[in-house]
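Colleague: Got a minute to walk me through this model? I'd like the sheets, the odd backbone spots, the charged pairs and the cores.

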Amino acid sequence: MNWVERFPERLSFEIADFDRRGLAFVLNERALREERRVELQGLIEVEGEAAPVELIVRYPSGFPLFRPEVYAPKLRLPRHQNPIDFNLCLLDRSTRAWSPSETAAHLISEQVPRLIQLVRVGGDALREGEVPQGEPRSYYFPGLAGTVVLIPEELLQISASFRSGTGRLAFSQVEPGAILIRGLLQSASVRERRGRSRRVAEVQGPLAERFSGGRSIEIDWVRIDELPDERSEQSLLKVAEETAPGSTRPVWQQVTGGQVAVTGLLFNEEVHQGVFGDMWLFVVRVREGVGRSVREGIYRMRGERHGIDDLQARIPQLAPLRQRTVALIGLGALGAPLALELARSGVGELRILDGDLVEAGTTVRWPFGISAINAPKSDFLAQVLPREYPFTRVIPFTRHLGLVALGPEETDHDLLTRMLEGADLVIDASAEIAVQQFVGGIADSMQIPQLYLWATEGARGGVVARSFPGETGCWFCLQLGFDRATIPLPPFEETGTVQPRGCASRTFTGASYDLTPIHAQGMRVAASLLGLGRREGEDDVFICSLEGGLSPGAPLWQARPLAREEGCPCCGAEQAAA
């Protein structure tokens with residue numbers, strides 16, 4: 001059912017409001033009868049316009065919760081109008097800008113004249129009167145779903161004096177070249193005299209490494225002055241051909257499933273209010289089959305900017321993490337999601353250690369499922385994380401700490417010392433008390449801040465605690481705080497352990513979503529430490545309490561400082577001396 005069938009009186013109310021405001025708009029009876037679509041059309045007088053403005057109002061099926069669209073097919077505004085479909089930008093894009101109590105007649109009588117007059121005046125008045133955001137024209141040229149060309153920063157800095165040339169699209173071994181392209185714009189060259197070409201842009205660093213080892217194909221590219229008024233692939237090729245004759249006839253390239261011929265269009269568009277930058281679109285012609293059964297097609301791809309600045313635009317507070325190194329021990333139900341968060345947050349280098357394989361049953365609370373089963377946890381994450389987040393370098397260590405060596409090998413102490421060398425933070429998510437103490441002792445000796453996190457049986461609670469050598473108490477002080485009740489213990493479920501079939505050890509019960517608050521708090525504490533260090537008066541120990549079972553109750557947190565405890569064998573003597 002559409003809105004007219006659900007709220008029949010609302011259509012009468014809408015039409016009556018047009019009449020009340022003196023707007024002579026006519027309902028398209030055929031569209032309503034045959035297509036169940038509500039559309040009204042009419043004219044409006046706008047001061048300063050030479051002729052009345054023709055408008056068409058189209059209502060969404062979810063009206064009045066969603067706003068109607070107002071189209072001005074004969075009006076041409078340089079801003080705040082879709083250049084292809086000609087609907088007007090009368091409100092902010094957020095649905096909060098529209099109230100279900102408002103009407104289309106209100107939009108037309110109040111917002112349309114205001115918008116047209118603002119755009120005509122321009123200058124500071126327009127800038128102050130509009131929502132402070134850019135209008136990227138490429139938004140109106142969406143690409144084929146599932147296809148993408150990543151655009152690194154280097155390929156957005158090509159001099160405007162270069163008008164056309166060739167480029168290379170690179171594919172990785174994970175996403176091999178195919179008819180539906182997923183790749184990286186690797187380089188761009190310009191043609192010079194005597195048939196030579198000169199490379200003017202090339203991607204370097206982690207993103208280039210992410211797409212190394214696979215094949216690449218050649219494309220042609222053209223810098224155009226502006227995008228056409230039609231979004232068809234043929235209109236894009238026409239503009240490219242008019243700009244650089246011959247650019248739309250590149251050599252066909254063999255890929256999986258057939259052949260492709262790619263033309264890239266480079267152009268300038270508004271990226272922020274009043275700020276402009278380069279952008280890419282691609283037209284891909286396709287040939288499938290052989291001989292007389294060859295089928296040809298065409299589709300469009302929109303470039304996706306993928307530089308560090310583009311990624312950090314949404315997380316500006318995490319910019320310092322790009323220069324930080326984190327050592328993470330334990331990649332289970334807390335450590336593995338935390339590793340994912342650290343990579344997603346842009347940590348420069350992540351060193352990870354675990355000695356276990358991923359068991360099938362653990363995938364109910366591990367970040368990955370069937371594809372990870374029986375893989376070493378550290379090796380699996382070291383493959384997946386750089387593939388998805390190439391700006392984070394991941395170094396795996398595979399070791400069961402505390403096992404008796406059966407032959408000559410690097411000691412646990414030496415391995416951890418090597419792993420922690422130069423780290424800005426060591427995180428222990430092993431939930432093993434001996435491992436925590438071992439790691440804490442080495443990290444203290446190396447003056448490295450530490451973060452510990454673990455959950456309790458039944459996932460009824462958990463702890464996130466940080467330690468700063470020389471500033472706070474140590475890991476041993478944390479245990480004394482629990483023993484002396486200066487730090488509260490999280491709740492646990494006495495029957496919250498189980499030994500699944502085929503598992504050599506018992507494990508705790510609990511769902512992944514009950515663990516999420518704990519590793520999320522761990523990430524918050526880690527980010528604060530890596531970005532700001534420890535500030536005076538901040539708490540260091542965070543204790544989470546959760547209701548058991550399927551209770552919807554929210555997590556409850558308590559926070560405490562980590563003080564040096566009298567009698568601590570690690571730092572208590574220093575306190576007494578002080």
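Modeller: Sure, and one term up front: a salt bridge here is a side-chain nitrogen of Lys or Arg within 4 Å of a carboxyl oxygen of Asp or Glu. Keep in mind too that this is a predicted model.

Colleague: OK, so which residues are linked in a network of salt bridges?

Modeller: The network takes in R30, R33, E34, E35, R37, E39 and R58. Inside that group, E35 and R37 pair through their side chains, at 2.8 Å from N to O.

Colleague: Are those two buried or exposed?

Modeller: Neither, really. E35 is partly exposed at 39% relative accessible area, and R37 is partly exposed as well, at 29%.

Colleague: How many salt bridges does the structure hold?

Modeller: The count is 38. Another one to look at joins D412 and R399, with 2.5 Å between N and O. D412 sits in helix α11 (residues 412-420) and R399 in the loop between β16 (393-397) and α11, so this pair ties together parts that are 13 residues apart in sequence.

Colleague: And D412 and R399, buried or exposed?

Modeller: D412 is buried, and R399 is buried too. For a mixed case, try R534 and D540, whose side chains meet in a salt bridge at 2.7 Å, N to O. R534 is partly exposed, with 22% relative accessible area, whereas D540 is buried at 0%.

Colleague: Let's switch to the sheets. What's the strand order in the open sheet of four strands?

Modeller: The order is β1-β2-β3-β4, and the pairing is antiparallel. At the edges you find β1 (26-27) and β4 (69-71); each has a single partner strand, so one side of each is left without a neighbour in the sheet.

Colleague: How many bridges join β1 to β2?

Modeller: Two, with β2 covering residues 39-44 and the two strands running antiparallel. If you want a residue to click on, V26 has Q41 in β2 as its bridge partner.

Colleague: Which helix lies across β2, β3 and β4?

Modeller: That's α4, residues 104-121, which runs at about 135 degrees to β3 (53-58).

Colleague: Now the odd backbone spots. Where's the cis peptide bond?

Modeller: Between F63 and P64, with omega at about 10 degrees. P64 belongs to the loop between β3 and β4.

Colleague: Which residues have a positive phi without being a glycine?

Modeller: F86 is one of them, with phi at about 70 degrees. You'll find F86 in the loop between β4 and α4. A485 is another, at about 65 degrees, and its loop runs between α13 (475-483) and β20 (497-498).

Colleague: How do they sit, buried or exposed?

Modeller: They differ. The cut-off for buried is under 20% relative accessible area and for exposed over 50%. F86 comes out at 17%, so F86 counts as buried, while A485 is at 62% and therefore counts as exposed.

Colleague: On to the inside. What's in the largest nonpolar core?

Modeller: It has 46 residues, and those with the most contacts inside it are L328, L342, L350, L381, L385, I427 and L453. Several elements supply at least two residues each, including β14 (325-329), α9 (335-344), α10 (377-388) and β18 (450-455).

Colleague: Which element gives the most to this core?

Modeller: α14, with eight residues.

Colleague: And what is L328 in contact with, beyond its neighbours in sequence?

Modeller: Setting aside residues within four places in sequence, the contacts of L328 include G335, L338, L342, L350, M419 and I427. Apart from that core there's a second, separate one of 33 residues, with W3, I44, Y59 and I108 among them.

Colleague: Last one: F508. Where is it, and what does F508 touch?

Modeller: F508 is in strand β21 (residues 507-508) and is partly exposed, at 24% relative accessible area. Not counting residues up to four places away in sequence, F508 touches R365, T456, E457, G458, A459, G496, T497 and L515.

Colleague: How far apart are F508 and S99 in space?

Modeller: They are 49 Å apart, C-alpha to C-alpha, and 409 residues apart in sequence.

Definitions and conventions:
Residues numbered from 1 in each chain as written. Predicted model: local features only at pLDDT ≥ 70, side-chain atom pairs only at ≥ 80, totals over all residues. Heavy atoms only, no water. Pairing = 2+ DSSP bridges. Contact = heavy atoms within 4.5 Å. Axes fitted to C-alpha atoms, helices over the stretch in contact; angles between N-to-C directions. Buried < 20%, exposed > 50% of the residue type's maximum accessible area, 1.4 Å probe, protein only. Core = buried A, V, L, I, M, F, W, Y, C linked by side-chain atoms within 4.5 Å.
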